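User: I have a protein model open and would like to go through it in questions and answers. Please keep each answer short and show the reasoning.

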Amino acid sequence: MAETYTITLKNCGFFARHGLHEQEKFLGQRFFIDAELELRFSSALETDELAGTVDYGVAFNLIEEIVTGKRRYLIEALALDIAKSLCDRFEQILRAKITVRKPSAPITGMLDYVEVSVDHHR
């Protein structure tokens, strides 16, 4: 079995306008993203050089571009778009598990947030 390692970007926060309701389109709200990226073991771990791994600054910027870009009705679709885009951008990624949290979901009742996770394998 091939060796792997994980890079995690935790609780990346963005303001965006995703959701089904018109109020979500106009008012917008905060979204929080976790990206757990499983990578093939590479020489970067031994050579200490960025070229063989995922630059997490670039990964963060890609996530930001997707979250703050095109509006999606479902956070499930948003999570999948992020996962696929990260896998497309970085060939070292074997699996991208993306979690999207929506603290201001339009639900009558008390809750901390709604959360969806998508696990995408290359």
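User: Is Glu36 buried, partly exposed or exposed?

Analyst: This is a predicted model, so the answer rests on computed values. Buried means under 20% relative accessible area and exposed means over 50%, with partly exposed in between. Glu36 has a relative accessibility of 29%, so Glu36 counts as partly exposed.

User: With which residue does Glu36 form a salt bridge, and which strands hold the two?

Analyst: The closest N and O atoms of the pair are 2.7 Å apart, and a salt bridge needs them within 4 Å. The partner of Glu36 is Arg95. The two residues are 59 apart in sequence, so the pair ties together separate parts: Glu36 in strand S2 and Arg95 in strand S3.

User: Is Arg95 buried or exposed?

Analyst: The cut-off for buried is under 20% relative accessible area. Arg95 has 11% relative accessibility, so Arg95 counts as buried.

User: Which residue in strand S4 forms a salt bridge with Arg95?

Analyst: In this pair the closest N and O atoms are 3.1 Å apart. The partner lies in S4 and Arg95 in S3, so the bridge ties together parts that are 24 residues apart in sequence. The partner is partly exposed, at 40% relative accessibility. The residue is Asp119.

User: Why can such side chains pair at all?

Analyst: The reason lies in charge and distance. Side chains can pair when their charged atoms come close and are of opposite charge.

User: How many salt bridges does a search of the whole structure find?

Analyst: One of them joins the side chains of Lys10 and Asp34, at 3.5 Å from N to O. That pair links distant parts of the chain, with Lys10 in strand S1 and Asp34 in strand S2. Lys10 and Asp34 also belong to a network of salt bridges with Arg101 and Glu115. The search of the whole structure finds seven.

User: Of Lys10 and Asp34, which is buried and which is exposed?

Analyst: Lys10 has a relative accessible area of 61%, so Lys10 is exposed. Asp34 has a relative accessible area of 9%, so the buried one is Asp34.

User: In what sense do S1 and S2 pair, and over how many bridges?

Analyst: One place to look is Tyr5, which stands opposite Leu39 in S2. S1 and S2 pair in the antiparallel sense, and the number of bridges is eleven.

User: How many bridges join S2 to S3?

Analyst: S2 and S3 run antiparallel. Ile33 stands opposite Val100 in S3. The number of bridges that join S2 to S3 is eight.

User: Which element gives the most to the largest nonpolar core?

Analyst: The core has 31 residues, and those that touch the most other members include Ile33, Leu37, Ile63 and Leu86. Strands S1, S2, S3 and S4 and helices H3 and H4 each supply at least two residues. One element gives seven residues, the most of any: H4.

User: Which residues does Leu86 touch, leaving aside those up to four places away in sequence?

Analyst: Leu86 is among the core residues that touch the most other members. With sequence neighbours up to four places away left out, the contacts are Ala35, Leu37, Ala59, Leu62, Ile63, Ile93 and Ile98.

User: Where is Phe60, and is Phe60 buried, partly exposed or exposed?

Analyst: Phe60 lies in helix H3, residues 56-67. Phe60 touches Leu9, Cys12 and Phe14, not counting residues up to four places away in sequence. The relative accessible area of Phe60 is 28%, so Phe60 is partly exposed.

Methods: Residues numbered from 1 in each chain as written. Predicted model: local features only at pLDDT ≥ 70, side-chain atom pairs only at ≥ 80, totals over all residues. Heavy atoms only, no water. Helix = DSSP H or I, 4+ residues; strand = E, 2+ residues; numbered from the N terminus. Buried < 20%, exposed > 50% of the residue type's maximum accessible area, 1.4 Å probe, protein only. Contact = heavy atoms within 4.5 Å. Core = buried A, V, L, I, M, F, W, Y, C linked by side-chain atoms within 4.5 Å. Pairing = 2+ DSSP bridges.
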